[in-house]
Amino acid sequence: MNRLFGSTTRKPPPNLTEAIASTDTRIQALEVKIRKLDVELGRYKDQMSKMRPGPGKNAVQERAMRVLKQKRMYEEQMTQLTQQSFNMESVTAVTDNLRNTMATVKAMETANKELKRQYGKIDIDKIESVHYDMEELLEQANEIQESLGRSYNVPDEIDEADLQAELDALQLEEEEEPSYLADLNKVPDFVDEAPVEEKAPAHPEAVKAAAYSGL
């Protein structure tokens with residue numbers, strides 16, 4: 001049936017990437033042809049340099065002119081194809097940038113919707129209320145700590161000068177010798193003279209020896 005009425009399936013139009021690849025392939029083919037013509041022109045040049053003027057040299061020169069014209073035609077085609085490929089690559093770059101830009105914008109829109117949905121669940125008044133409650137609880141905790149740390153039977157106002165004087169007096173008492181230790185080496189007031197130390201009695205034999213020596 002397709003042979004009789006033709007196929008209804010349409011081929012998709014070529015995209016820029018395929019068009020660029022096809023153009024580059026044609027440029028490469030032209031470069032191969034130009035290189036072959038250069039080789040042929042070099043051969044004709046060598047022939048003409050060895051020939052004398054005449055019909056034979058003129059014939060070779062005409063063939064060289066035809067090859068040169070063909071080469072110039074290929075070079076012009078290659079220049080046009082190169083410019084076309086450059087233009088298509090530029091369009092492809094712009095298209096890619098636009099596609100990336102659209103994807104970025106779409107992602108930002110999605111993120112914006114998500115942020116609105118999330119922040120829509122937050123009650124600002126409730127947050128403020130919690131904040132105030134926390135402040136009141138902290139103040140109450142500070143008051144409790146101050147109450148527990150209060151000193152009893154201590155005057156509210158203490159003279160720092162009196163405290164310093166008392167501290168200095170304590171230091172002087174530590175440096176001085178206690179009075180009960182000083183009285184141990186002191187002679188009592190009711191004794192008129194100092195006590196005389198008693199000598200131990202001499203040995204009897206020592207007394208006899210002293211008597212004989214006196215005689």
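**Group meeting: helix α3 and its partners**

Hi everyone, let me start with a pair on one helix: Glu75 and Lys71 sit 4 residues apart in α3, so about one helical turn separates them. One caution before I go on: this is a predicted model.

These two side chains form a salt bridge, with the closest N and O atoms 4.0 Å apart. Lys71 has a second partner, Asp38, and in that salt bridge the N to O distance is 2.6 Å. Asp38 belongs to helix α2 and Lys71 to helix α3, so this pair ties together parts that lie 33 residues apart in sequence. Through the shared partner, Asp38, Lys71 and Glu75 become one network.

Is Lys71 buried or exposed? Lys71 is buried, because its relative accessible area is 17% and the cut-off for buried is under 20%. Its partners count as partly exposed, Asp38 at 33% relative accessibility and Glu75 at 28%.

The structure has 4 salt bridges. Another of them joins Arg99 and Asp96, at 2.8 Å from N to O. Both residues are in helix α3, 3 residues apart, or about one turn. Asp96 is partly exposed, with a relative accessible area of 33%.

Now to the helix itself. α3 has 65 residues and spans 95 Å from its first C-alpha to its last, close to the 96 Å expected at 1.5 Å a residue. What do its buried residues pack against? They pack against α2. Among them are Val60, Leu81, Met88 and Thr92.

Ser85 is a nice example. It lies in α3 and is buried, at 4% relative accessibility. Leaving aside neighbours within four places in sequence, Ser85 is in contact with Ile20, Thr23, Asp24 and Ile27. With the same neighbours left out, Met78 touches Ile27, Leu30, Glu31 and Ile34.

Met78 also brings us to the largest nonpolar core, which has 13 residues. The members that touch the most others are Leu30, Tyr44, Ala64, Val67, Tyr74 and Met78. Helices α2 and α3 each supply at least two residues of this core, and the largest share, 7 residues, comes from α2. In soluble globular proteins, nonpolar side chains tend to be buried together.

Let me finish on the surface. Leu115, Tyr119, Ile122, Ile124 and Ile127 form a nonpolar patch there, with about 530 Å² of accessible area together. Here α3 and α4 each supply at least two residues. Tyr119, in helix α3, is exposed, with a relative accessible area of 59%.

Thanks, everyone!

How values were computed: Residues numbered from 1 in each chain as written. Predicted model: local features only at pLDDT ≥ 70, side-chain atom pairs only at ≥ 80, totals over all residues. Heavy atoms only, no water. Buried < 20%, exposed > 50% of the residue type's maximum accessible area, 1.4 Å probe, protein only. Contact = heavy atoms within 4.5 Å. Core = buried A, V, L, I, M, F, W, Y, C linked by side-chain atoms within 4.5 Å. Patch = residues over 30% accessible without salt bridge, like charges linked within 9 Å, V, L, I, M, F, W, Y side chains within 5 Å. Areas by Shrake-Rupley, 256 points an atom, 1.4 Å probe, with all protein chains shown as cover. Expected span 1.5 Å × (residues − 1).
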